[in-house]
Amino acid sequence: MSTSETSRYVRLRVEVVLEIDGPEELTEAAVARIGTDEFMPEDEREHARSAVREDSAEALAYLIEPFDLVSTVPGIELVQASWSSEEIDYDPDAQEWDLDEEDGDDDAEDADDDERV
């Protein structure tokens, strides 16, 4: 496939697991960010403040900005971004958290192994 036939768009998926060891500091930072958000209508601020005070995952979502993660990467322009956060049960020994495994590659590897037999 030539360069002109390849898509100029790339979807980058990143999964990050964070441990919140300072929930008060996280909440304070989110409330401060809400207070300085020039694009948030005033009538939505109290609802947002309430949400971040009740849920650390919600507070984190107000503080992580995808544009900030890629804004200094040369040669790209952020076209669209979405993100979410949720509290989870985390067991670093569970297979689902094995970062050495690529999602969906297990089946492909098994198929390759079958073909070699």
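In this predicted model, Arg11 is exposed, with a relative accessible area of 68%, and is found in the segment before α1. Although Arg11 and Ala81 are 70 residues apart in sequence, their C-alpha atoms are 9.5 Å apart in space. The segment before α1 also holds Val14, which is likewise exposed, at a relative accessible area of 64%. Val14 belongs, together with Leu12, Val16 and Leu18, to a nonpolar patch on the surface, and the four residues have about 440 Å² of accessible area together.

As for the overall architecture, the protein chain contains 5 helices and 0 strands, so that the pattern read along the sequence is α-α-α-α-α. Of the 117 residues in the protein chain, 15% are buried. The protein chain exposes about 10,500 Å², and carbon and sulfur atoms supply 46% of that area. When the contacts with a separation of 6 or more are considered, 45% of them are accounted for by residues 24 or more positions apart.

The confidence of the prediction varies along the chain. The average pLDDT of the protein chain is 83, and 79% of the residues score at least 70. Among the elements, α1 has the highest mean pLDDT, at 97, whereas helix α5, which covers residues 105-116, has the lowest, at 47. Over residues 106-117 the pLDDT stays under 50, and for this stretch the model has 1 contact beyond four places in sequence.

The interior can be described through its largest nonpolar core, which has 9 residues, namely Leu26, Ala30, Val31, Ile34, Met40, Ala48, Val52, Ala59 and Leu60. Two or more residues of this core are given by each of the elements α1 (23-36), α2 (42-54) and α3 (56-63), and the largest share, 4 residues, comes from α1. One of the core residues, Ala30, is in contact with Val52, Ala59, Tyr62 and Leu63 when its neighbours within four places in sequence are left aside. Two of these partners, Val52 and Ala59, are themselves listed among the residues of the core.

Ser56 is found in helix α3 and has a relative accessible area of 19%; because this value is under the 20% cut-off, Ser56 counts as buried. Leaving aside its neighbours within four places in sequence, Ser56 is in contact with Ile20, Pro23, Leu26 and Glu87. Of these partners, Leu26 is also a member of the largest nonpolar core.

Turning to charged side chains, a search of the whole structure finds 3 salt bridges. In one of them Glu42 is paired with Arg45, the closest N and O atoms being 3.0 Å apart. Both residues lie in helix α2, where they are 3 residues apart, about one turn of the helix. The two partners differ in their exposure, since Glu42 counts as exposed at 59% relative accessibility, whereas Arg45 is buried, with a relative accessible area of 8%.

Glu46, which is also found in helix α2, takes part in further salt bridges. Its relative accessible area of 49% makes Glu46 partly exposed, because a residue has to be over 50% to be classed as exposed. The side chains of Glu46 and Arg49 meet in a salt bridge with an N to O distance of 3.7 Å; because these residues are 3 residues apart in helix α2, they are separated by about one helical turn. Glu46 also forms a salt bridge with Arg53, in which the closest N and O atoms are 3.9 Å apart. Through these shared partners, Glu46, Arg49 and Arg53 are joined into one network of salt bridges. The position of Glu46 may also be set against that of Gly35, which is 11 residues apart from it along the chain, with a separation of 9.6 Å between the C-alpha atoms.

Methods:
Residues are numbered from 1 along each chain as its sequence is written. This is a predicted model: local features need pLDDT of at least 70, side-chain atom pairs count only at pLDDT 80 or more; totals for chains, interfaces and linings use all residues. Side-chain values use heavy atoms; hydrogens and water are left out. A nonpolar core is a set of buried Ala, Val, Leu, Ile, Met, Phe, Trp, Tyr and Cys residues joined through side-chain atoms within 4.5 Å. Buried means under 20% relative accessible area, exposed over 50%, partly exposed in between (1.4 Å probe, protein chains only). Contact means heavy atoms within 4.5 Å. Patches are made of residues with over 30% relative accessible area and no salt bridge: like charges are joined within 9 Å, nonpolar side chains (Val, Leu, Ile, Met, Phe, Trp, Tyr) within 5 Å. Accessible areas come from the Shrake-Rupley method with a 1.4 Å probe; for residues, only the protein chains shown count as cover. pLDDT is the predictor's confidence in each residue, from 0 to 100.
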